[in-house]
Amino acid sequence: MKVHPESGESPPIPGRWLPDAQPTESAAEWDGTVARILAAAEPTLQGLDSRGRRRAGGGWRDIGSLWKPAAALATAAMALLFAADPPEPAGTGSTGSFPLDLVVIGGDPPALWGAAGEGGDLVLAFIALQGTQAGPGGNGAAATSGAEEQR
Amino acid sequence: MFSRKGPGGESAEGLDGPTDEELARRAQQGDRGATEMLVRRYVRAVHAVVASWLSEPADVEDAAQEAFLRALAALGRFDAKRPFAPWLYQIARNVARNRVDSRSRWKSEELTDDPGRESERPGPDAELESAETRRLVAEAVALLPEQQRVAFRLSDIEGYRSDEIAGIMGLTPETVRSHIHYARRSLRASLRRRLDGADIPGRIHR
């Protein structure tokens, strides 16, 4: 059997029976094809351009470009700190900051709520309402119905 | 290394030109020249690969363009430490296969509507014999297993060397040579049956 140098064993099929080959890479026929491909890929290539610019400007430039979002974040954090009420010491009697422990241990919920007024703690308000609805010898059923009425 | 010169053994910048991976890295950073060089370097190979699945020149052109567009769209995710050619080959292969899958679904419907298609084959006229033989060969090539078909196409039709094909397909040159050998053997056997006694090289050499 004739040995073909490239295949190691088999002789090739006659070229006249085979489909035509593509032109070589350097052939001018490919110029139009390459141009068409690149034109069709233009949106993708623009994406690569901008990504490349970002990469090329890395390091300190990247850090520099982050100062705006970092400053905005810091400002927002500071604003939140100032907007939130600072915690008040227990027993000052001001609204919105009664420790629940105080109520559970020995406080009188309706009285505390009365002292706190409209801006009082919601938990205290609910407890106070339960106390009002159920009375001194009240039970859970009364409290529940009271809560439902409230809704 | 194959990738330095590209599959056609030619390079715009000669042997010292940039490797595929270097070009890919530059293309990732938006270097248009590198992108164009990559496309130009592989335009023929990608056309040849998709032509292993598709026969119509317009289909080949469309599929090759789609393969490049997909590759360029995915270039940002390409790991430039890995060989570029097999990565591109896989994309081209997938594009061509998807087209064949959708086409075969469409074709199978078409064939059931056209039972008289066989009669369209050219008759035993001598001047049609060569064209008929080429058609039979093309059909036989299409029936080869995928890797044999691509290796055969790149080698015997397009004229790539086995080391170049190995670089494109991500195989060893020995494996490529083996695929080519088995492809030729299968083709000869297939053509022997189809051409019924025609003078087929390989038989006369035995």
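Let's start inside chain B, at B:Val50. Setting aside neighbours within four places in sequence, B:Val50 is in contact with B:Val60, B:Ala63, B:Ala64, B:Ala67, B:Ala92, B:Val95 and B:Ala96. Keep in mind as you look at this that the model is predicted.

Where does B:Val50 belong in the wider picture? B:Val50 is among the residues with the most contacts inside the largest nonpolar core, along with B:Val46, B:Ala67, B:Leu88 and B:Ala92. That core has 60 residues. Helix H3 of chain B, covering residues 32-50, gives the most to this core, with 10 residues. Two of the names, B:Ala67 and B:Ala92, also turn up in the contact list of B:Val50, so if you want to trace the core by eye, B:Val50 is a handy place to begin.

Now move along chain B to helix H8. Is this helix enclosed or open? Seven of the eight residues of H8(B) are buried, so the helix is largely enclosed by the rest of the structure. The buried ones are B:Ser162, B:Glu164, B:Ile165, B:Ala166, B:Gly167, B:Ile168 and B:Met169. Just after H8(B) comes B:Gly170, which takes a positive phi of about 75°.

A little further on is helix H9 of chain B, residues 173-195, and B:Glu174 lies in it. B:Glu174 is exposed, because just 11 other C-beta atoms sit within 10 Å, and a residue counts as exposed at 12 or fewer. Compare B:Ser162, which is on the buried list for H8(B). B:Glu174 and B:Ser162 are 12 residues apart in sequence and 8.1 Å apart in space, C-alpha to C-alpha.

How far does the predictor trust chain B? The average pLDDT of chain B is 80, and 73% of the residues score at least 70. Confidence in chain B is highest in helix H8 (residues 162-169), at 95, and lowest in helix H1 (residues 2-5), at a mean of 44. Over residues 108-124 of chain B the pLDDT is below 50, and that stretch has four contacts in the model beyond near neighbours in sequence. Residues 202-206 of chain B are also below 50, with 10 such contacts.

On to chain A. Chain A has eight helices and zero strands, so the pattern along the sequence reads α-α-α-α-α-α-α-α. Buried residues make up 13% of the 151 residues in chain A. Of the contacts in chain A with a separation of 6 or more, 12% are between residues 24 or more positions apart.

Helix H4 of chain A, residues 67-83, is worth a look here. It has 17 residues and reaches 24 Å from its first C-alpha to its last, close to the 24 Å expected at 1.5 Å a residue. H4(A) is hardly covered, with a count of zero buried residues.

What about confidence in chain A? The mean pLDDT of chain A is 67, and 40% of its residues reach 70 or more. Helix H1 of chain A (residues 29-40) has the highest confidence in the chain, at 92, while helix H8 of chain A (residues 140-150) has the lowest, at a mean of 44. Over residues 1-7 of chain A the pLDDT is below 50, and this stretch has 14 contacts in the model beyond near neighbours in sequence. The pLDDT also stays under 50 over residues 137-151 of chain A, where the model has 12 contacts beyond four places in sequence. For the complex, the predictor gives an ipTM of 0.74 and a pTM of 0.60.

Definitions and conventions: Residues numbered from 1 in each chain as written. Chains lettered and ligands numbered in written order. Predicted model: local features only at pLDDT ≥ 70, side-chain atom pairs only at ≥ 80, totals over all residues. Helix = DSSP H or I, 4+ residues; strand = E, 2+ residues; numbered from the N terminus. Expected span 1.5 Å × (residues − 1). Buried ≥ 20, exposed ≤ 12 C-beta atoms within 10 Å, placed from the backbone. Contact = placed C-beta atoms within 7 Å. Core = buried A, V, L, I, M, F, W, Y, C linked by C-beta atoms within 7 Å. pLDDT = per-residue confidence, 0-100.
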